[in-house]
Amino acid sequence: MAYKEWGDARNRNVLVCVHGVTRVSDDFDALARELSDVYRVVCPDVV
């Protein structure tokens, strides 16, 4: 599984953003950048 990650890897506050059937993790780039100061954001690419 491939994924993108933003924020500090040591941050215990993790937010996982999962896309729908026909989308990709890139859909969350802007949101993840905005939230990465507070959360470690992980966005997997699901087949």
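**Exercise 1. The Asp8 salt bridge**

With which residue does Asp8 form a salt bridge, and how far apart are the closest N and O atoms? State also how exposed each partner is.

Solution. The structure is a predicted model.
Step 1. The partner of Asp8 is Arg10, and the closest N and O atoms are 3.2 Å apart.
Step 2. The relative accessibility of Asp8 is 36%, so Asp8 is partly exposed.
Step 3. Arg10 has a relative accessible area of 71%, which means that Arg10 is exposed.

**Exercise 2. Layout of the chain**

Describe the secondary structure, its order along the sequence and the overall span of the chain.

Solution.
Step 1. The chain has one helix and three strands.
Step 2. Their order along the sequence is β-β-α-β.
Step 3. The C-alpha trace spans about 30 × 20 × 10 Å along its principal axes.
Step 4. The chain has 47 residues, of which 28% are buried.
Step 5. Take the contacts between residues at least 6 apart in sequence: 75% of them join residues at least 24 apart.

**Exercise 3. The sheet**

Give the strand order of the sheet and explain which strands lack a neighbour on one side.

Solution.
Step 1. The sheet is open and consists of three strands in the order S1-S3-S2, with mixed pairing.
Step 2. The edge positions belong to strand S1 (2-6) and strand S2 (14-16); each has a single partner strand, so one side of each has no neighbour in the sheet.
Step 3. On average, neighbouring strands are turned by 20° against each other, direction ignored.
Step 4. The pairing of S1 with strand S3 (residues 40-45) is antiparallel and runs over five bridges.
Step 5. Within S3, Val41 is the residue that stands opposite Trp6.

**Exercise 4. Val41 and the nonpolar core**

Identify the members of the largest nonpolar core, then examine the surroundings of Val41.

Solution.
Step 1. The largest nonpolar core has six residues: Trp6, Cys17, Phe28, Ala32, Val41 and Cys43.
Step 2. Neighbours within four places in sequence are set aside; Val41 then contacts Lys4, Glu5, Trp6, Leu15, Cys17, Ala32, Leu35 and Ser36.
Step 3. Trp6, Cys17 and Ala32 are among these contacts, and these three residues also belong to the core.
Step 4. As background, nonpolar side chains in soluble globular proteins tend to be buried together.

**Exercise 5. Asn11 in its loop**

Is Asn11 buried or exposed? List the polar contacts of its side chain.

Solution.
Step 1. Asn11 belongs to the loop between S1 and S2.
Step 2. The relative accessible area of Asn11 is 19%; the limit for a buried residue is under 20%, so Asn11 counts as buried.
Step 3. A polar atom of the Asn11 side chain lies 2.8 Å from the backbone nitrogen of Asn13.
Step 4. The backbone oxygen of Val38 is 2.9 Å from a polar atom of the Asn11 side chain.
Step 5. Beyond four places in sequence, the contacts of Asn11 are Val38, Tyr39 and Arg40.

**Exercise 6. A second residue of this loop**

Classify Ala9 by accessibility, and give its C-alpha separation from Asp45.

Solution.
Step 1. Ala9, too, is located in the loop between S1 and S2.
Step 2. Its relative accessibility is 52%; exposed means over 50%, so Ala9 counts as exposed.
Step 3. Ala9 and Asp45 are 36 residues apart along the chain, and their C-alpha atoms are separated by 19 Å.

**Exercise 7. Further salt bridges**

How many salt bridges are there? Describe those outside Exercise 1, with exposure for the Glu5–Arg40 and Arg23–Asp27 pairs.

Solution.
Step 1. The count is five salt bridges.
Step 2. Glu5 and Arg40 are joined through their side chains at 2.6 Å, N to O. This pair links distant parts of the chain, with Glu5 in strand S1 and Arg40 in strand S3, 35 residues apart.
Step 3. Glu5 is partly exposed at 32% relative accessible area, and Arg40 is partly exposed at 23%.
Step 4. Arg23 and Asp27 form a salt bridge whose closest N and O atoms are 2.7 Å apart.
Step 5. Arg23 has a relative accessible area of 48% and is partly exposed; Asp27, at 36%, is partly exposed.
Step 6. A network of salt bridges links Lys4, Asp26 and Asp29.

Methods: Residues numbered from 1 in each chain as written. Predicted model: local features only at pLDDT ≥ 70, side-chain atom pairs only at ≥ 80, totals over all residues. Heavy atoms only, no water. Core = buried A, V, L, I, M, F, W, Y, C linked by side-chain atoms within 4.5 Å. Buried < 20%, exposed > 50% of the residue type's maximum accessible area, 1.4 Å probe, protein only. Contact = heavy atoms within 4.5 Å. Pairing = 2+ DSSP bridges. Helix = DSSP H or I, 4+ residues; strand = E, 2+ residues; numbered from the N terminus. Axes fitted to C-alpha atoms, helices over the stretch in contact; angles between N-to-C directions. Polar contact = N/O pair within 3.5 Å; in protein donor to acceptor, adjacent residues only side chain to side chain. Salt bridge = Lys/Arg side-chain N within 4 Å of Asp/Glu carboxyl O.
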